[in-house]
Amino acid sequence: MKLTVVIVNYNVRHFLEQCLLSTFKALQSLDAEVYVVDNNSVDGSVAMVREKFPEAICVANTENVGFSRANNQAMRLAKGEYILLLNPDTVVQEDTFVRCIAYMDAHPEAGGMGVKMIDGKGNFLPESKRGLPTPMVALYKLSGLIKLFPRSRNFGHYYMGHLPENETNNVEILAGAFMLMRKKTLDKVGLLDEDYFMYGEDIDLSYRILKGGYKNVYFADTQIIHYKGESTKKGSLNYVFIFYQAMQIFAQKHFSSGQAKIYGFVINLAIWLRAAVSVFGRLMRTIATPIADASIIFGGMFYLKMYWENNHRFIAGGHYPEAFMLYAVPAYICV
């Protein structure tokens, strides 16, 4: 068998259906099998797969065992020469699998492959090609330098911004959304590390593929749509904690003790800065409307006061008492 496709699903039934439709269409000329491992979804995903895609091998977990463990369940049973980890919120082109496998067949030094990914609006996703997140690379990303110098070989290394998005190149880290690997490579370097519940496992496995003597390839001759973040709330603070905790696991596992300490400091700093920004943002969103209303009322009353004073000089004194703007108007706004 040439290919095993593994899709781990968690409550994204409608995206999963579109993913499977595109997957089976792209597999028509290949000897392949498809595993769907469901992590105890409550949206009817399992029933949909069994009804509409009976050719898929559906594994229904009774609990959410995490991304790594769920993928490993299927990979241990895989019969394919190649194994593809595919996110359920993706859509592949009809020739994606054929093109990718043809390249891998012709380049035995390649142990893993990722492809060009675009979002639902057609924008290129920079995580299609990534560099190893060493302490300095992580610092450049977290400090914002990567945004100032996205094409820099140093400052932009996290997304390997110096490499053209339309050219095939060797990279360091593959994205778990589309991760094609040789089974014999996995037999040598191992499967996903189940210490990672979610996030970081693709970085870990990519790094082990490199250490195993293979190359990771960014393949630009096909592309997929990745509706990024549909299966996770990536804007949430909880996501930040989970992601950076995963990075701490990676640092402790692969870096020296000194580097791991530096990495831990950078990560913890990032967590608290992100938390502070999140709290401040929520606070500003909460008070923005009241502040705008108060400003309009105060400004309007001030304008009326000046207009009245300038055009009605016959009033004794010609001016409002100071207490009007200092106390009366603020009290009115508060009420």
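1. Two strands are said to pair if DSSP finds at least two bridges between them. With this in mind, the present note considers a predicted model and begins with strand β9. Strand β6, residues 110–118, pairs with β9 in the parallel sense, over eight bridges. Within this arrangement, A110 stands opposite K215 of β9.

2. Strand β9, residues 215–226, also pairs with strand β5, residues 90–92, here in the antiparallel sense and over three bridges. The residue of β9 that serves as bridge partner to T90 is H226. Strand β7, residues 169–171, is likewise antiparallel to β9, and three bridges join these strands. For N170, the bridge partner in β9 is V217.

3. Helix α3 deserves separate attention. Is this helix enclosed or open? Of the nine residues in α3 (residues 67–75), seven are buried, so the helix is largely enclosed by the rest of the structure. The buried residues are F67, S68, A70, N71, N72, A74 and M75. What covers them includes strands β1 (3–9), β2 (32–39), β3 (57–61) and β4 (82–86), together with helices α7 (183–189) and α8 (201–211).

4. One residue of helix α3 may be followed in detail, namely N72. Its relative accessible area is 1%; because buried means under 20%, N72 falls in that class. Which residues does N72 touch, leaving aside its neighbours within four places in sequence? They are L191, L192 and E194. With E194 there is a polar contact from side chain to side chain, at 3.0 Å.

5. The side chain of E194 also meets that of R76 in a salt bridge, with 3.3 Å from N to O. E194 lies in the loop between α7 and α8, and R76 in the loop between α3 and β4, so the pair ties together parts that are 118 residues apart in sequence. E194 is partly exposed, at a relative accessible area of 37%, whereas R76 counts as exposed, at 55% relative accessibility. E194 thus has a polar contact with N72 and a salt bridge with R76.

6. Further salt bridges should be noted; the count comes to nine. As a general matter, side chains of opposite charge can pair when their charged atoms come close. E81 and K2 provide one case, with their side chains meeting at 3.0 Å, N to O. This pair links distant parts of the chain: E81 is in the loop between α3 and β4, K2 is in the segment before β1, and 79 residues separate them. Both residues count as partly exposed, E81 at 36% relative accessibility and K2 at 21%.

7. What other salt bridge involves K2 and D105? The side chains of these two residues meet at 3.2 Å, N to O. D105 lies in helix α4 (residues 96–106) and K2 in the segment before β1, so this pair ties together parts that are 103 residues apart in sequence. D105 is partly exposed, with a relative accessible area of 40%. Through shared partners, salt bridges join K2, E81 and D105 into one network.

8. Turning to the nonpolar interior, the largest nonpolar core has 38 residues, of which L3, L20, F178 and L180 touch the most other members. A second core of 27 residues is separate, and includes V8, F67, M160 and Y218. Of these, F67 has already appeared among the buried residues of α3. Returning to L20, and leaving aside its neighbours within four places in sequence, this residue is in contact with I7, V34, V36, V49 and F53.

9. Aromatic rings complete the survey. A search of the whole structure finds six aromatic pairs. The ring centres of F15 and Y227 are 5.3 Å apart and the planes stand at 55°, so the pair is tilted. It links distant parts of the chain: F15 is in helix α1 (residues 13–26), Y227 is in the loop between β9 and α9 (237–254), and they are 212 residues apart. Both are partly exposed, F15 with a relative accessible area of 26% and Y227 at 28% relative accessibility.

10. F149 and F155 form another tilted aromatic pair, at 5.3 Å centre to centre and with 35° between the planes. F149 counts as partly exposed, at 40% relative accessibility, and F155 is partly exposed with a relative accessible area of 28%. Together with Y140, these residues form one aromatic cluster.

Methods
Residues numbered from 1 in each chain as written. Predicted model: local features only at pLDDT ≥ 70, side-chain atom pairs only at ≥ 80, totals over all residues. Heavy atoms only, no water. Buried < 20%, exposed > 50% of the residue type's maximum accessible area, 1.4 Å probe, protein only. Helix = DSSP H or I, 4+ residues; strand = E, 2+ residues; numbered from the N terminus. Contact = heavy atoms within 4.5 Å. Polar contact = N/O pair within 3.5 Å; in protein donor to acceptor, adjacent residues only side chain to side chain. Core = buried A, V, L, I, M, F, W, Y, C linked by side-chain atoms within 4.5 Å. Phe/Tyr/Trp six-rings, centres within 6.5 Å; stacked < 30°, edge-to-face > 60°. Salt bridge = Lys/Arg side-chain N within 4 Å of Asp/Glu carboxyl O.
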